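Morning, everyone. Please look at the screen, and I'll talk you through one chain.

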Amino acid sequence: MRTTVTLDDDVARTIKDEMKADDGKTFKEAINELIRCGRYHKENTKAKGQRKPFKVRSFKMGFYEHLNYDKISELLEEIEGVHHK
């Protein structure tokens, strides 16, 4: 099929880079290969979307009454010392 397409500059550079990477690859071959790769990636991404969502498991870490949890800088100084970064 023959069609006219206007390419963005970054897309055109990608196609040219693909042509340079594989000497002798034509514009048509490069663009078809890149479209197939994009389609394959999109299809595989959809399949991954069907997985169970990742869940963070929390656990109680305890509470230390002598620490002031409202002042982060004081907590860092208590834990890492006066010269914390």
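What percentage of the 85 residues of the chain count as buried? The answer is 7%. Keep in mind that this is a predicted model.

Let's start with the overall form. The chain has three helices and zero strands. Follow the sequence along and you read α-α-α. Now the dimensions. The C-alpha trace spans about 75 × 35 × 25 Å along its principal axes. What is the radius of gyration of the chain? It is 27 Å. For a compact globule of 85 residues you would expect a value near 12 Å. The accessible surface comes to about 8,900 Å². Carbon and sulfur atoms account for 53% of that surface.

Two pairs of residues give you a feel for the distances. Find Tyr 69 first. Tyr 69 sits in the loop between helix H2 (27–48) and helix H3 (72–80). Buried or exposed? Tyr 69 counts as partly exposed, because its relative accessibility is 36%, and the label covers values between 20% and 50%. Now look across to Asp 10. In sequence, Tyr 69 and Asp 10 are 59 residues apart. In space, they are 49 Å apart, C-alpha to C-alpha.

The second pair begins with Gly 38. Where is Gly 38 found? It belongs to helix H2. Gly 38 has 37% relative accessibility, so it also counts as partly exposed. From Gly 38 to Glu 80 the sequence separation is 42 residues. The C-alpha atoms of Gly 38 and Glu 80 lie 47 Å apart in space.

On to the charged side chains. Side chains of opposite charge can pair when their charged atoms come close. How many salt bridges does the structure hold? There are three. Keep your eye on Lys 25 here.

Glu 18 forms a salt bridge with Lys 25. Their closest N and O atoms are 2.7 Å apart. Both Glu 18 and Lys 25 are buried. Why does Lys 25 count as buried? Its relative accessible area is 10%, and buried means under 20%.

Next, Asp 22. Lys 25 forms a salt bridge with Asp 22 as well, with the closest N and O atoms 3.8 Å apart. Asp 22 counts as partly exposed, because its relative accessibility is 40%.

Then comes Glu 33. Glu 33 also forms a salt bridge with Lys 25, and here the closest N and O atoms are 2.6 Å apart. Glu 33 is partly exposed, at 33% relative accessibility. Put these together. Glu 18, Asp 22, Lys 25 and Glu 33 are joined into one network by salt bridges that share partners.

Last topic: empty space. Rolling a probe the size of a water molecule over the atoms shows where empty space is left. How much space lies in the largest pocket? About 430 Å³.

Which residues line the largest pocket? Start with Met 1, Arg 2, Thr 3, Thr 4, Val 5 and Leu 7. The lining also includes Phe 27, Lys 28, Ile 31, Asn 32 and Ile 35. Sort that lining by type and you get six nonpolar residues, three polar and two charged.

So, a quick recap. You have seen three helices, three salt bridges and a largest pocket of about 430 Å³. Thanks for listening.

Notes: Residues numbered from 1 in each chain as written. Predicted model: local features only at pLDDT ≥ 70, side-chain atom pairs only at ≥ 80, totals over all residues. Heavy atoms only, no water. 1 Å grid on protein atoms, 1.4 Å probe; cavity = no way out; pocket = protein on both sides within 12 Å on 5 of 7 lines; lining within 4 Å. Points joined across faces, edges and corners; volume = space filled by probe spheres on them. Nonpolar A, V, L, I, M, F, W, Y, C, P; charged D, E, K, R; others polar. Helix = DSSP H or I, 4+ residues; strand = E, 2+ residues; numbered from the N terminus. Rg over C-alpha atoms; globule rule 2.2 N^0.38 Å. Buried < 20%, exposed > 50% of the residue type's maximum accessible area, 1.4 Å probe, protein only. Areas by Shrake-Rupley, 256 points an atom, 1.4 Å probe, with all protein chains shown as cover. Salt bridge = Lys/Arg side-chain N within 4 Å of Asp/Glu carboxyl O.
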